[in-house]
Amino acid sequence: MRNFSHVIWAFFCVFFSCSTRNSETEFVVDLDNITIDTIHYSLFVDSITYIPLETNDSCLIGSVTDMIVSDNGILILDNQQQTVWIFDKLGKFKNSIQRRGNGPGEYMRLTQFEYDKSNERLLLLDMWSKTILHYSTEGTYLRTDTLDRYCADFKILDDGYLLSMIGE
C-alpha cells in the first residue's frame, strides 16, 4: 500500500508540474522603441502667477524646505536658518518665527510645518524634541504637543495628526 501511495504521489507531481507555455501570453519589452509624450501645462493648469517676495535685511531666505500658499499669504520653511517666513498674498514680508532654543515655545530642529486653516495657526514639527509647536500667523507662541515618537512629516486631521515615522 505504501508503494502504491508513492506511485500516485509521483504521478500527480509529474502530471501537474508539466505544462506548455502559451506564446500568446509572453510579453517582450522593446527598449529601442520608446515613445516620449509631451505634457503641456495647459492640460492641467489654468494660469500661472508670479509673486515676487519682498527681500530686505530682515527677510533673506536661505534654503526653502517647504512652502504653503494659504488664503492669507505665503508661508516658507527655511531649513538653513531654521525659520518660518510669513508673507502676505502680494509678497510683502509680514513677520517670521525664529525661536531656536530649548525653552517654552522654542525648537531645536524644524523639519516640517503645516497651516491649520480652520484655526488659522501654524504647526511646526520639531523632530529633535518630538514636539509640534502651535503659533499664530503673527508669530505668537500658543502651545506645544509632545509626541511619543520621532517623525519626519505630519498632516493635520480632524481628530489629531497623521505622523510619518522614521524610528523609535
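Biologist: How many disulfides does a search of the whole structure find?

Modeller: Zero. A disulfide is a pair of cysteine sulfur atoms within 2.5 Å. Bear in mind that this is a predicted model, where local features need pLDDT of at least 70, side-chain atom pairs count only at pLDDT 80 or more, and totals for chains, interfaces and linings use all residues. Residues are numbered from 1 along each chain as its sequence is written, and side-chain values use heavy atoms, leaving out hydrogens and water.

Biologist: Why is C59 called buried?

Modeller: Its relative accessible area is 1%, and buried means under 20%, with exposed over 50% and partly exposed in between (1.4 Å probe, protein chains only). So C59 counts as buried.

Biologist: And what makes C151 buried?

Modeller: C151 has a relative accessible area of 1%, so that one is buried too.

Biologist: How do you know whether I48 is buried or exposed?

Modeller: I48 has a relative accessible area of 69%, so it is exposed. You'll find I48 in the loop between α1 (2-17) and β1 (64-69); helices (H or I, at least four residues) and strands (E, at least two) are DSSP runs, numbered from the N terminus.

Biologist: Which residues does L75 contact, leaving aside its neighbours within four places in sequence?

Modeller: They're D66, M67, I68, W85, I86, F113, Y115 and L122. Contact means heavy atoms within 4.5 Å.
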